[in-house]
Amino acid sequence: MSALGSENHDLGYPIVVAPSIRTALREFLERQGGRFVVLCDANVASYGHDLTNGLRDTLAFIPVRLGERRKRLSTVEDVLRALLRSGADRKTLIVGIGGGVASDLFGFAASIYMRGVPYAHVATSLVAMVDAAIGGKTGVDLPEGKNLAGTFSNPVAVFAHIDALATLPYRNLREGLSEMVKHAVIEGGELFESLETLAPHAFWRWPWESVVADSLKVKTMIVADDRLEKGERELLNLGHTFGHAIERASNYRVSHGAGVAVGLRAAGLLALRTGRFSRDEHLRLLTLLTLLKLPVVTRRSQTAIFSAMQADKKKREGRLRFVLPRAIGDVEYGVEASNSAVKAVLRRIAELPGGAEFR
Ligand SMILES: NC(=O)c1ccc[n+]([C@@H]2O[C@H](COP(=O)([O-])OP(=O)(O)OC[C@H]3O[C@@H](n4cnc5c(N)ncnc54)[C@H](O)[C@@H]3O)[C@@H](O)[C@H]2O)c1
Ligand SMILES: [Zn+2]
């Protein structure tokens with residue numbers, strides 16, 4: 001690793017991970033040449049200013065109020081119009097700064113502004129660093145559901161500004177941790193072991209730069225193998241069949257990361273039940289989730305979760321297929337399971353009645 005951090009090129013564009021990406025970003029902008037506009041999640045405007053102040057070729061610095069509820073077409077329209085006011089043309093590079101909502105929404109806006117302009121993202125949340133900013137999926141929600149409008153559009157570069165994690169609320173950090181556990185189950189080996197070693201320690205002591213670089217490599221390798229939504233990319237849905245159903249059954253009051261954490265345990269249980277996964281390995285997964293203080297049970301009704309899964313099944317040509325571990329580091333996709341096995345798993349992840357919900 002250089003003083004500028006590490007660079008990953010699996011996807012054909014650089015993903016720079018460093019404590020501060022200030023120097024790397026400046027060098028990149030210089031190499032790119034031309035003018036650029038900064039779109040910044042207003043919540044992280046101070047990082048945005050620190051990273052970009054004094055740059056000669058900035059056409060505009062535009063703070064945008066975001067948040068999951070503002071991830072919609074009307075916000076995209078506001079952004080497109082602000083770009084127009086700033087004087088951005090077909091060649092202007094857009095630099096987006098923020099978490100996963102920012103990478104989805106700014107990336108989408110850039111992909112349609114004047115039929116598409118180059119886009120670079122500076123990730124400030126763990127979800128954006130290890131998941132959302134990588135892989136080229138952009139988009140927004142519609143009133144009918146999440147991520148229903150969007151494009152496949154690769155960025156020209158991604159920067160993971162590790163220092164920003166210091167101010168990320170634990171709630172949001174946890175959203176990224178679930179995806180990191182997913183990556184670790186897919187990859188196994190040292191990645192899983194390093195999380196097992198770190199999990200009992202306070203987050204501020206973690207070597208985040210290497211943890212993030214190693215975790216995002218799992219996604220870049222899978223996406224590089226399979227650029228569109230088929231085959232291998234399915235592996236990234238580990239824990240998501242149960243997870244999405246729990247999210248939906250809660251009417252999205254349970255967050256995606258919380259759903260996925262319970263979903264990872266559920267996938268482990270289903271694999272155990274169908275004779276794929278060993279009890280020891282399942283225990284390792286459960287221990288890791290627990291040490292990271294991720295939820296492993298849900299208060300949502302088993303019937304509601306099961307019907308949400310059936311609704312999903314209808315959308316997928318009548319088949320519900322699971323991504324299941326055979327071992328830590330060996331995950332298969334496209335596995336069908338009987339309703340009775342799925343229901344048995346739902347009974348195991350059901351929280352005992354009473355008490356407050358862990359969202
Ligand atoms: N395109 C994809 O492949 C993909 C993959 C995973 C998730 N996503 C999307 O990502 C979104 C979730 O991402 P997220 O969890 O980053 O949400 P987010 O962008 O809303 O960030 C969470 C909160 O943290 C704030 N924040 C961001 N960085 C911060 C920092 N360094 N310090 C303090 N606060 C900070 C944000 O302003 C926001 O309030 C969802 O909309 C999801 O659909 C997309
Ligand atoms: Zn996910």
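Is Arg273 buried or exposed? Arg273 counts as exposed, because its relative accessibility is 54% and the class begins over 50%. The structure described here is a predicted model, and the sections below take up its charged patches, its salt bridges and its aromatic pairs.

**Charged patches**

Arg273 lies in helix H10, which covers residues 256-273. Together with Arg279, Lys343, Arg347 and Arg348, Arg273 forms a positive patch on the surface. The element that gives the most to the positive patch is helix H13 (residues 339-349), with 3 residues.

A patch of negative charge is also found on the surface, where Glu187, Glu190, Glu193 and Asp214 gather. Of these residues, Glu187 belongs to helix H6, which covers residues 170-187. The relative accessible area of Glu187 is 40%, so Glu187 is classed as partly exposed. A residue can join a patch only if its relative accessible area is over 30% and it has no salt bridge.

**Salt bridges**

The count of salt bridges in the model comes to 12. Three of the pairs are set out below.

| Salt bridge | N to O distance |
|---|---|
| Asp10 and Lys217 | 3.3 Å |
| Glu68 and Lys146 | 3.3 Å |
| Asp330 and Arg326 | 3.2 Å |

The side chains of Asp10 and Lys217 meet in a salt bridge at 3.3 Å, N to O. This pair links distant parts of the chain: Asp10 is in the loop between strand S1 (6-8) and strand S2 (15-18), while Lys217 is in helix H8, and the two are 207 residues apart. Asp10 is partly exposed, with a relative accessible area of 28%. Lys217 also counts as partly exposed, at 34% relative accessibility.

Lys217 has a second relation across the sequence, with Val130. The C-alpha atoms of Val130 and Lys217 are 8.3 Å apart in space, although the residues are 87 apart in sequence. Val130 lies in helix H5 (residues 126-132). At 0% relative accessibility Val130 counts as buried, whereas Lys217 counts as partly exposed.

In the bridge between Glu68 and Lys146, the closest N and O atoms are 3.3 Å apart. Glu68 lies in the loop between strand S4 (58-64) and helix H3 (73-86), and Lys146 lies in strand S8 (residues 145-152), so the pair ties together parts that are 78 residues apart in sequence. Glu68 is partly exposed, its relative accessible area being 41%. Lys146 counts as partly exposed at 36% relative accessibility.

Asp330 forms a salt bridge with Arg326, with 3.2 Å between the closest N and O atoms. Asp330 counts as partly exposed at 31% relative accessibility, and Arg326 counts as partly exposed at 38%. Both residues belong to a network of salt bridges that links Arg276, Arg326, Asp330 and Glu332.

**Aromatic pairs**

How many aromatic pairs does the count come to? The count comes to 6 aromatic pairs. One of them joins Tyr170 and Phe203 in a stacked arrangement, with 5.7 Å centre to centre and 25° between the planes. Tyr170 lies in helix H6, and Phe203 lies in the loop between helix H7 (189-198) and helix H8 (208-225), so the pair ties together parts that are 33 residues apart in sequence. Tyr170 counts as partly exposed, at 33% relative accessibility. Phe203 also counts as partly exposed, at 21%, where the cut-off for a buried residue is under 20%.

Phe203 forms a further aromatic pair with Trp208, and this pair is tilted: 6.3 Å centre to centre, with 40° between the planes. Why is this pair called tilted rather than stacked? The angle of 40° between the planes is the reason, because planes under 30 degrees apart count as stacked, those over 60 as edge-to-face and the rest as tilted. Trp208 is buried, with a relative accessible area of 10%.

Tyr170, Phe203 and Trp208 join Trp206 in one aromatic cluster. Helix H6 therefore holds Tyr170 of this cluster, and Glu187 of the negative patch is found in helix H6 as well.

Technical notes:
Residues numbered from 1 in each chain as written. Chains lettered and ligands numbered in written order. Predicted model: local features only at pLDDT ≥ 70, side-chain atom pairs only at ≥ 80, totals over all residues. Heavy atoms only, no water. Patch = residues over 30% accessible without salt bridge, like charges linked within 9 Å, V, L, I, M, F, W, Y side chains within 5 Å. Areas by Shrake-Rupley, 256 points an atom, 1.4 Å probe, with all protein chains shown as cover. Salt bridge = Lys/Arg side-chain N within 4 Å of Asp/Glu carboxyl O. Lys, Arg positive; Asp, Glu negative; His and termini not counted. Charge placed at Lys NZ, Arg CZ, Asp CG, Glu CD. Helix = DSSP H or I, 4+ residues; strand = E, 2+ residues; numbered from the N terminus. Buried < 20%, exposed > 50% of the residue type's maximum accessible area, 1.4 Å probe, protein only. Phe/Tyr/Trp six-rings, centres within 6.5 Å; stacked < 30°, edge-to-face > 60°.
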